[in-house]
Structure formats: structure tokens, C-alpha cells
Amino acid sequence: MAKSCKVNDSCIGCGMCMSICDAVFALNAEGKAENILGDIPADLEASVEEAAANCPVQAIEVK
Ligand code: SF4
């Protein structure tokens with residue numbers, strides 16, 4: 001099953017996740033990151049995990 005991820009409210013909009021994986025993460029109108037892709041394709045799982053690990057406030061939840 002494809003993994004999913006979402007960004008929770010603790011996001012501070014630092015941009016780190018976008019610099020790691022701009023296919024999945026983008027800033028929304030509130031200046032917070034969001035998942036713009038939906039389910040994570042297998043070839044992007046590693047970079048989503050890397051983005052989650054590097055988020056300074058652990059705002060990225062990967063399931
Ligand atoms: S790395 Fe974390 S805090 Fe920074 S924009 Fe992405 S989700 Fe938000």
C-alpha cells in the first residue's frame with residue numbers, strides 16, 4: 001500500500017522539506033508546508049522520510 005504523509009499544525013514554514021522533496025511539499029497560503037501530491041509514490045518514499053527526519057519541529061507525519 002502506498003504511504004501517505006501529512007504536515008501537522010506545528011509547521012513553522014522553514015522550507016526544509018521543500019528543499020529535500022519539492023515534488024511532495026509546497027507552502028500553502030498560510031505559509032505552512034502541505035502535501036501537494038497525496039499518496040507517496042514508491043520512488044519518493046525515501047526523500048519523504050528524509051524530509052520528515054530533517055523537519056526541525058517534527059511536523060511531517062508519515063504513515
Ligand atoms: S521542514 Fe517542517 S517546519 Fe519546515 S516547512 Fe517543512 S514541515 Fe514545515
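Start at the loop between helix 2 and strand 4 (60–62), and select Gln 58 there. This is a predicted model. Look at the backbone of Gln 58: phi is near 50°, a positive value in a residue other than glycine. Is Gln 58 buried or exposed? Exposed, because it has just 11 C-beta neighbours inside 10 Å, and the cut-off for exposed is 12 or fewer.

**The whole chain**

Zoom out and colour by secondary structure. The chain holds 2 helices and 4 strands. Read from the N terminus, the order of elements is β-α-β-β-α-β. With a radius of gyration of 10 Å, close to the 11 Å that the globule rule gives for 63 residues, the chain is as compact as a globular protein of that length. Turn the C-alpha trace along its principal axes: the spans are about 30 × 20 × 20 Å. Of the 63 residues, 22% count as buried. Now think about contacts with a separation of 6 or more: 60% of them join residues 24 or more positions apart.

**The core**

Select Cys 17, Cys 21, Phe 25, Val 48, Ala 51 and Ile 60. These belong to the largest nonpolar core, which has 13 residues, and they have the most contacts inside it. Which elements each supply at least two residues of this core? Strand 1 (5–7) and helix 2 (45–54) do.

Stay on Val 48. Leave out residues up to four places away in sequence, and Val 48 touches Cys 5, Cys 21, Val 24, Ile 40 and Val 62. Show those five side chains together with Val 48.

**The ligand shell**

Move to the ligand. There are 15 residues around the ligand. Which of them come nearest? Cys 11, Cys 14, Met 16, Cys 17 and Cys 55. Cys 17 should still be in your selection from the core. Next, colour the shell by residue class. It divides into 13 nonpolar residues, 2 polar and no charged.

**From helix 1 to helix 2**

Select Asp 22. Its place is the loop between helix 1 (16–20) and strand 2 (25–27). Asp 22 counts as partly exposed, because it has 13 C-beta neighbours inside 10 Å. Draw a distance from Asp 22 to Val 48. The two are 26 residues apart in sequence, and their C-alpha atoms are 9.7 Å apart in space.

Now pick Glu 45, in helix 2. Glu 45 has 15 C-beta neighbours inside 10 Å, so it counts as partly exposed. Draw a second distance, from Glu 45 to Cys 21. The C-alpha separation is 9.9 Å, for residues 24 apart in sequence. Beyond its neighbours within four places in sequence, Glu 45 is in contact with Lys 3 and Ile 40. Ile 40 also appeared among the residues that Val 48 touches.

**The N-terminal segment**

Go to Ser 4, in the segment before strand 1. With 14 C-beta neighbours inside 10 Å, Ser 4 counts as partly exposed. How far is the C-alpha of Ser 4 from that of Glu 45? The separation is 9.2 Å, across 41 residues along the chain. Which residues is Ser 4 in contact with, leaving aside its neighbours within four places in sequence? Asp 39, Ile 40 and Lys 63.

**Last stop: Asp 39**

Follow that contact to Asp 39, in the loop between strand 3 (33–35) and helix 2. Asp 39 counts as exposed, because it has 11 C-beta neighbours inside 10 Å. Outside its neighbours within four places in sequence, Asp 39 is in contact with Ala 2 and Ser 4. Draw the last distance, from Asp 39 to Ala 2. The pair is 37 residues apart in sequence and 6.0 Å apart in space, C-alpha to C-alpha.

Terms used
Residues are numbered from 1 along each chain as its sequence is written. This is a predicted model: local features need pLDDT of at least 70, side-chain atom pairs count only at pLDDT 80 or more; totals for chains, interfaces and linings use all residues. A nonpolar core is a set of buried Ala, Val, Leu, Ile, Met, Phe, Trp, Tyr and Cys residues joined through C-beta atoms within 7 Å. A residue is buried if 20 or more other C-beta atoms lie within 10 Å of its own, exposed if 12 or fewer, and partly exposed in between; C-beta atoms are placed from the backbone. Two residues are in contact if their C-beta atoms, placed from the backbone, lie within 7 Å. A residue is near a molecule or strand if its C-beta atom, placed from the backbone, lies within 6 Å of it. Ala, Val, Leu, Ile, Met, Phe, Trp, Tyr, Cys and Pro count as nonpolar, Asp, Glu, Lys and Arg as charged, and the others, Gly among them, as polar. The radius of gyration is taken over C-alpha atoms; the globule rule is 2.2 Å times the number of residues to the power 0.38.
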